[in-house]
Amino acid sequence: MIEVLAPAEAVQAAPELAEVFVSAFGAPGYDEDRADAERFATEQLPVHAERDDFKLVAARSDGRIVGFAYGFTGQRGQWWPDRVAAAVPAELAEEWVGGHFEVVELAVAVEAQRQGLGTALMEALMTDLPHRKALLSTYVDDRPAPRLYQRMGWRVLVPDLGWGSALYGLDRAMP
Ligand SMILES: CC(C)(COP(=O)(O)OP(=O)(O)OC[C@H]1O[C@@H](n2cnc3c(N)ncnc32)[C@H](O)[C@@H]1OP(=O)(O)O)[C@@H](O)C(=O)NCCC(=O)NCCS
C-alpha cells in the first residue's frame with residue numbers, strides 16, 4: 001500500500017500530491033489554500049526532487065494517492081538549515097544541522113486520516129536511511145502531527161523557533 005516514488009515519478013505525481021496537500025492543509029486550523037498547494041506542486045517539489053537522497057513515499061487507496069511524506073539530505077547553504085542554524089544555540093546547530101535527513105512534508109487526505117497511514121508513511125520514509133540525525137519542524141501546539149512524531153521517538157529540540165514552528169530531532173543511533 002505504501003510505495004517509494006523515484007524523484008521523476010514524484011514530480012510526475014505532483015498534481016495528485018497537491019490534492020492531498022489541499023485536503024490535509026486546507027482543513028480548518030491549517031488554512032493553507034489551493035494557491036499554496038500549487039506552489040508546493042510546481043515550485044517546491046521539483047526543486048526538492050533534485051536534492052541529495054530525495055525520498056518520497058506515497059500511500060494509495062483504490063489506486064489514488066491519499067497520503068505522502070518526503071525528505072532529503074539537508075545541507076548548510078540551503079535556506080531551511082541556514083534559517084534553523086541561525087535560530088538555535090550554536091552547539092545545537094553544530095550537532096544537528098548539516099548532513100541530516102530533513103523531513104519536509106507529511107500529509108494524509110482528511111478522509112484517510114486516523115487509520116495509521118501517517119505513522120506507516122513516516123516509518124517507510126525513515127526505513128533504510130543511512131543518516132544518523134534527522135530533523136523536521138512542526139506545529140508548536142498539541143495536534144496530530146507533533147503527537148505522531150513524539151510517539152515515533154522524535155524529541156523536541158526547540159519548542160518554538162520564533163516563527164511558530166517547533167524543531168524536532170531524531171537521533172537514529174539512540175536505542
Ligand atoms: C499528521 C497527519 C499526517 C497524521 O495522519 P494520520 O494518517 O491520521 O496518522 P495516524 O492515523 O497514524 O495517527 C493519527 C491519529 O489517529 C489515531 N489512529 C490511528 N489508527 C487509528 C484507528 N484505527 N482508529 C482510531 N484512531 C486511530 C492515532 O492514534 C493518532 O491519534 P492522535 O492524533 O490522538 O495522537 C494528518 O493528521 C495530516 O495530514 N494533518 C495535516 C497536515 C500536517 O499536520 N502535516 C504535518 C506537518 S508537520
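What follows is a short chat about helix packing and ligand contacts in a predicted model.

Me: How do I read the way H6 and H7 pack?

Reply: Start with the angle between the two axes, then the gap. Angles from 65 to 115 degrees count as roughly perpendicular and those under 35 as roughly parallel. Here H6 (residues 117-126) and H7 (residues 144-151) sit at about 50°, axes 11 Å apart, and are therefore oblique to each other. The crossing of H6 past H7 is right-handed.

Me: Which residues of H6 and H7 meet?

Reply: From H6 you have Gly118, Thr119 and Met122, and from H7 Leu148, Tyr149 and Arg151. Sorted by class, that contact has 3 nonpolar, 2 polar and 1 charged residues.

Me: And what about H2 and H3?

Reply: Same routine. H2 (residues 14-25) packs on H3 (residues 34-48) at about 145°, with 9 Å between the axes. Their crossing is right-handed. On the H2 side, the contact includes Leu17, Phe21 and Val22, while H3 brings in Phe40, Ala41 and Leu45, among others. By class you get 9 nonpolar, no polar and 3 charged residues.

Me: Now the ligand. How many residues surround it, and which are closest?

Reply: Look for the neighbours, then for polar atoms. There are 22 residues around the ligand, and the closest are Leu106, Arg114, Gly116, Thr119 and Arg151.

Me: Where do polar atoms of the arginines lie relative to ligand oxygens?

Reply: Check backbone versus side chain. Arg114 places a backbone N or O atom 2.7 Å from a ligand oxygen. With Arg147, a polar side-chain atom lies 2.9 Å from a ligand oxygen, and for Arg151 a polar side-chain atom is 2.7 Å from one.

Terms used: Residues are numbered from 1 along each chain as its sequence is written. This is a predicted model: local features need pLDDT of at least 70, side-chain atom pairs count only at pLDDT 80 or more; totals for chains, interfaces and linings use all residues. Side-chain values use heavy atoms; hydrogens and water are left out. Axes are lines fitted to C-alpha atoms, for helices over the stretch in contact, and angles run from 0 to 180 degrees between N-to-C directions. Helices (H or I, at least four residues) and strands (E, at least two) are DSSP runs, numbered from the N terminus. Angles under 35 degrees count as roughly parallel, over 145 as roughly antiparallel, 65 to 115 as roughly perpendicular and the rest as oblique. A crossing is left-handed if the near helix is turned anticlockwise from the far one by less than a right angle, and right-handed if clockwise. Contact means heavy atoms within 4.5 Å. Ala, Val, Leu, Ile, Met, Phe, Trp, Tyr, Cys and Pro count as nonpolar, Asp, Glu, Lys and Arg as charged, and the others, Gly among them, as polar. A residue is near a molecule or strand if one of its heavy atoms lies within 4 Å of it. A polar contact is a pair of N or O atoms within 3.5 Å; within protein, one must be able to donate a hydrogen and the other to accept it, and residues adjacent in sequence count only if both atoms are side-chain atoms.
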